[in-house]
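Biologist: Can you walk me through this one? I'd like to start with the polar contacts.

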Amino acid sequence: TGIFVEKPDNVVAIAGKDVLFVAKVDSTNLPRKPVMKWMKGKWMDLGSKAGKHLQFKETYDRNTKIYTFEMKMVKVVPGDAGGYRCEVTAKDKCDSCTFEISVECKKKKPVEEKEQIDVWELLKNAHPSEYEKIAFEYGITDLRGMLKRLKKMKAVEPKVSDAFLKRLESAYSVDKGKKITLSVELVDPNAEVKWLKNGQEIKPSAKYIMETNGNIRMLTINKCNLADDAAYECVVGTEKSFTEVFVKEPPVTITKLLDDYHVVVGERVEFEVEVSEEGAHVMWLVDQELVRDDKAKYRFKKDGKRHWLIINEATLDDIAMYHVYTNGGHTKGELEVEEKELEVLQSIADLTVKSAEQAVFKCEVSDEKVTGKWFKDGVEVQPSDRVKISHIGRIHRLMIDDVKPEDAGDYTFVPDGYALSLSAKLNFLGERLNHDPPKIHLDVSGNMVSQNTIIVVAGNKLRLDVEITGEPAPTVVEVTKYRKKNLNEGMNLSWFVYKQSDMSAGKLEGRIRNYNITVTNPAGEDKANIFIKIVDVPDPPEKVKCTSVGEDCATVIWEPPAFDGGAPIKGYLMERKKKGSSRWTKLNFDVYEQTTYEAKRMIEGVLYEMRVFAVNGIGISQPSLNSKPFMPIAPTSEPTRLQVHDVTDTTCTLKWLAPEKIGAGGLDGYIVEFCKEGETEWKPANTDLIEKQSFVVRNLPTGEKMNFRVIAVNVAGRSPPALLGQPVTVREIMEYPKIRLPRELRTKYIKMVGEKINLVIPFQGKPRPVAKWLKDGEPVDVKKVGTCSTNVDTILFIRSAEREHSGKYTLVLQIENMEDKADIQIRVVEKPGPPIGVTVTDVWGFNAALEWKPPKDDGNCEITGYTIQKADKKTKEWFTVYEHNRRTNCTVSDLVMGNEYMFRVYSENLCGLSEEPCISKNTAFIPKTGIKAATYTEKDMSCSPKFTTPLVDRSVIAGYSTAISCAVRGFPKPKIIWMKNNMILGEDPKYLMMNNQGVLTLNIRKPGMFDGGKYSCRAVNTLGQDETCNLIINNFPGLTDYLISTHLHHCTIHRTIYEFE
């Protein structure tokens, strides 16, 4: 028969749940308190694993004398499965039992990818209780305003519209700072629309851009902010299309992380976190369960960017990992709660008293709020006239007056709420008629190292109560080194107290002193020797340092303390904290005996510091110096998207992307390895780490099938390898030659004389193509033009361009009998020569008419205009009259009467004005009015508008600003109207219209796919009107030729010339 009353049973546990095992032991027939050991397998003692996962508890029932031992497993994991054994011992008695734990894992449902759902549609179909969750997940700040709009909206069945083919969506959402486009499709392509925001009409601006493309009308809102979160309408006649635009704010990030907490039961806990935005929504979770605002347990507090979760009185149930989530960040902190430990400052001592004397039991505990009960032989002591119980501060007393024989027995004090008891014995001593020799009774139980040895902690006072017996009462004859004190003199039983007050720390630690006591009475004498050993807490451990780290763990080592305090070192306690924090977290609750410890459950990328305490039989040392900060890091994940870029007869070029998970350890580089198919020995292709994400493996055997893999390396080690899906055959592949001509070289390439020309043209083809350059069908002159070719491109360069370098250059790319060609037009330009034959043709009033001929040398490009200047022959100071004059004649007005003028003209092209002007051959003299001038008939300059230079069809590249120009003449000055697809452009900021002396220019800023169409310019005055048009086509691959051929017939020039008499 065993001593177990109840044994643990076999259990089938579910992973993640808690399991409790209970064993009960009857101590009625046991000589001493039983000791329980929980073991896994045969030898693994689980007592050293106590912590958050394994928790042990022991209770005692005084009435039934049954001890209850509990082992609780918190959140069982598959590794906990196996055979267990619990073993109980009590001196010479022993018993054990075994039990099994099986762990079943939860079946995880496959994670389905969620389709992207519009936030507005999601809110319309959601239950009201889910509104707040949806707003937090999608970053909606004005939830109340959204719900008001949701309430106003009515479900209207779609009806056929006379104006709209396609209406606006019910709602749009956009991130703050981004742009959004609202579009509708109309029945009538010529219908006019109005856009309204909250009932107010929107005017075109840089913020709001309105576009038309056939039947489609678009409103683009740039750089959306919270003011753009509103209701919008598109109005066509009497019909409207309604929508809502919701602007989402950027995600909220966490700027101050949570700290770990280690407290005792009943203490206050304040978790604090700081976020990037004031008034942000913060979600608190405990072990991934949402924390509700339960005022009885949790309290939330906000102050600007700081948020708190407050637990007023922590309990063991609060042990968990606390998480904080925002829509742009996450942090966590661990809370560990430890039961209060009650420290006994003075225990109760055994008493021997005579009849009718007073017996006083006294004890002192560390917490003055703790109450307790007194028991005699297991029965609670009740106060009476003779028995008094008192509690003053930390001292508890039991006083018995007029002691009687029935008061003798075992007395026990039990603090409320603690598995602790203090016991002592009351001996009743009756009167004796005979003389007894003296006897010294030394009680050194609990502090005895050897016979009559007392251990004293340095710095404390020693009080030794020595009981002496004898009849008549003995007297003290000698006490060495102590001062003596006789109490209760004249009574038959005497006792005396010795006090030592000079045992200060640092003087006597580890030393043993011998003290002699002699007592005597008429019946004889007795002697005793007392040995006192002075001990202290040990020195702190030394040289604490971290030797290795992992993803969430670190290994720390240290050296034992230089002085153990006079008592053997029992073990060590470890603490850690995040760098910059002042809160330390305990890592072990039980004493750890080794000097190497692996700290777990750490956060990767966070700096930590550690310190160690040494423990001996006296207490805990001061903490060691903090270790140097260290950071848990782990190797990266494997590189991604490994692929073969190129293969030749002896080389293979590989490319890949960086690992998805790099971590705090960063990335130092990559190692490329290869091996033949069927072999297992991998050989490195590079001796040093490479930082680029591509590598050429050389000296491979031709025709062999090779396997390749790439490994990422950082300070934590090598990552898992990234492997190719199949072996690669080392053999070059034939590829047709192809020239990749840059976009800017597809039109004329213009450079000024003296500038450098450097054309880099990429190509592809295998094996390496042969590149040849031709100019106007002939090989280029290597003395004038330089060429250079590589495996992937060819370069044509001219150090200093000259006019003779202009021409058609042809690049010929050949691989055996295959070839590709590309033509490049290069034009080298310079400033033009001066005009020819500037002549004053007529002078009338204060005006002079000039004419000249274009220059002989136009600088190899078109003449864009002329600059005319005048000078008085008296001062000979030149003043500019006209700039950018496109015609070869002009009229100079506002000349001063009585002066003679000479004129000069500069020609102008793309490079600027000509170096030299052409000065007029004759002069213009303005006669004074006093002299009668010859009469003449004033020439009538009036004429209807006429376009001297029409618009030209253009093909432009989307995204690049362009301009179209034409020239018109007419008097009076005509009014200019620009149109697109026969619709007046108006004051749209996308278009910039300019009129410079009859030269009309329309600038289109960054045209898009909807800006193509027929553009026309109309000039109108009182005498008539004229119109010219062109076709603009956005350049997309394969689209240009089709549009030109299809729509060219729409570009017509309507001119109406009105003659007048």
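Modeller: A polar contact here is a pair of N or O atoms within 3.5 Å; within protein, one must be able to donate a hydrogen and the other to accept it, and residues adjacent in sequence count only if both atoms are side-chain atoms. This is a predicted model: local features need pLDDT of at least 70, side-chain atom pairs count only at pLDDT 80 or more, and totals for chains, interfaces and linings use all residues. Residues are numbered from 1 along each chain as its sequence is written, and side-chain values use heavy atoms, with hydrogens and water left out.

Biologist: Fine. Which side chain does Glu 609 make a polar contact with?

Modeller: That of Asn 626, at 3.4 Å. Glu 609 sits in strand S50, residues 608–616. Strands (E, at least two residues) and helices (H or I, at least four) are DSSP runs, numbered from the N terminus.

Biologist: Is Glu 609 buried or exposed?

Modeller: Its relative accessibility is 12%, so Glu 609 counts as buried. Buried means under 20% relative accessible area, exposed over 50%, and partly exposed in between, with a 1.4 Å probe and protein chains only.

Biologist: What else does Glu 609 touch?

Modeller: Leaving out residues up to four places away in sequence, its contacts include Arg 576, Lys 577, Lys 579, Trp 584 and Phe 630. Contact means heavy atoms within 4.5 Å.

Biologist: Just before S50 there's a loop. What is the phi of Arg 601?

Modeller: Near 55 degrees, a positive value in a residue other than glycine. Arg 601 is in the loop between strand S49 (596–599) and S50, and at 40% relative accessibility it counts as partly exposed. Most residues other than glycine have a negative phi, and most peptide bonds are trans.

Biologist: Where does Asp 776 lie?

Modeller: In the loop between S63 and strand S64 (778–779). Asp 776 also has a positive phi, about 55 degrees, without being a glycine. It counts as exposed, with 51% relative accessibility.

Biologist: You mentioned trans peptides. Which bond is cis, with omega near -10 degrees?

Modeller: The one from Lys 766 to Pro 767. Pro 767 is in the loop between strand S62 (757–766) and strand S63 (770–775). Another cis bond joins Phe 971 and Pro 972, with omega about 0 degrees. Pro 972 lies in the loop between S80 and strand S81 (975–980).

Biologist: Stay there. What does S80 pair with?

Modeller: Strand S80 (residues 962–971) pairs with S84 in the antiparallel sense, over six bridges. Two strands pair if DSSP finds at least two bridges between them. Ile 964 is opposite Leu 1002 of S84.

Biologist: And how does S83 pair with S84?

Modeller: Strand S83 (residues 991–996) is antiparallel to S84, again over six bridges, and Leu 992 has Asn 1003 as its bridge partner. S83 and S84 make a hairpin with two residues between them, and Gln 997 in the turn has a positive phi of about 55 degrees.

Biologist: Why is S84 called largely enclosed?

Modeller: Because five of the six residues of S84 (residues 999–1004) are buried.

Biologist: What about Tyr 991, which is in S83?

Modeller: Tyr 991 counts as buried, at 11% relative accessibility. Leaving out residues up to four places away in sequence, it touches Leu 1002, Asn 1003, Asp 1011 and Tyr 1015, among others.

Biologist: Switching to aromatics. How many aromatic pairs are there?

Modeller: The count is 15. Rings of Phe, Tyr and Trp (its six-membered ring) pair if their centres lie within 6.5 Å; planes under 30 degrees apart count as stacked, over 60 as edge-to-face and the rest as tilted. Trp 852 and Tyr 866 have ring centres 5.5 Å apart and planes at 70 degrees, so that pair is edge-to-face. Both residues are buried.

Biologist: Which residues form an aromatic cluster?

Modeller: Phe 21, Trp 38, Tyr 84 and Phe 99 form one.

Biologist: Last topic: how many residues are in the largest nonpolar core?

Modeller: It has 26, and Phe 4, Val 25, Met 36 and Trp 38 have the most contacts inside it. A nonpolar core is a set of buried Ala, Val, Leu, Ile, Met, Phe, Trp, Tyr and Cys residues joined through side-chain atoms within 4.5 Å. Apart from that core lies another, of 24 residues, including Ile 254 and Tyr 322.
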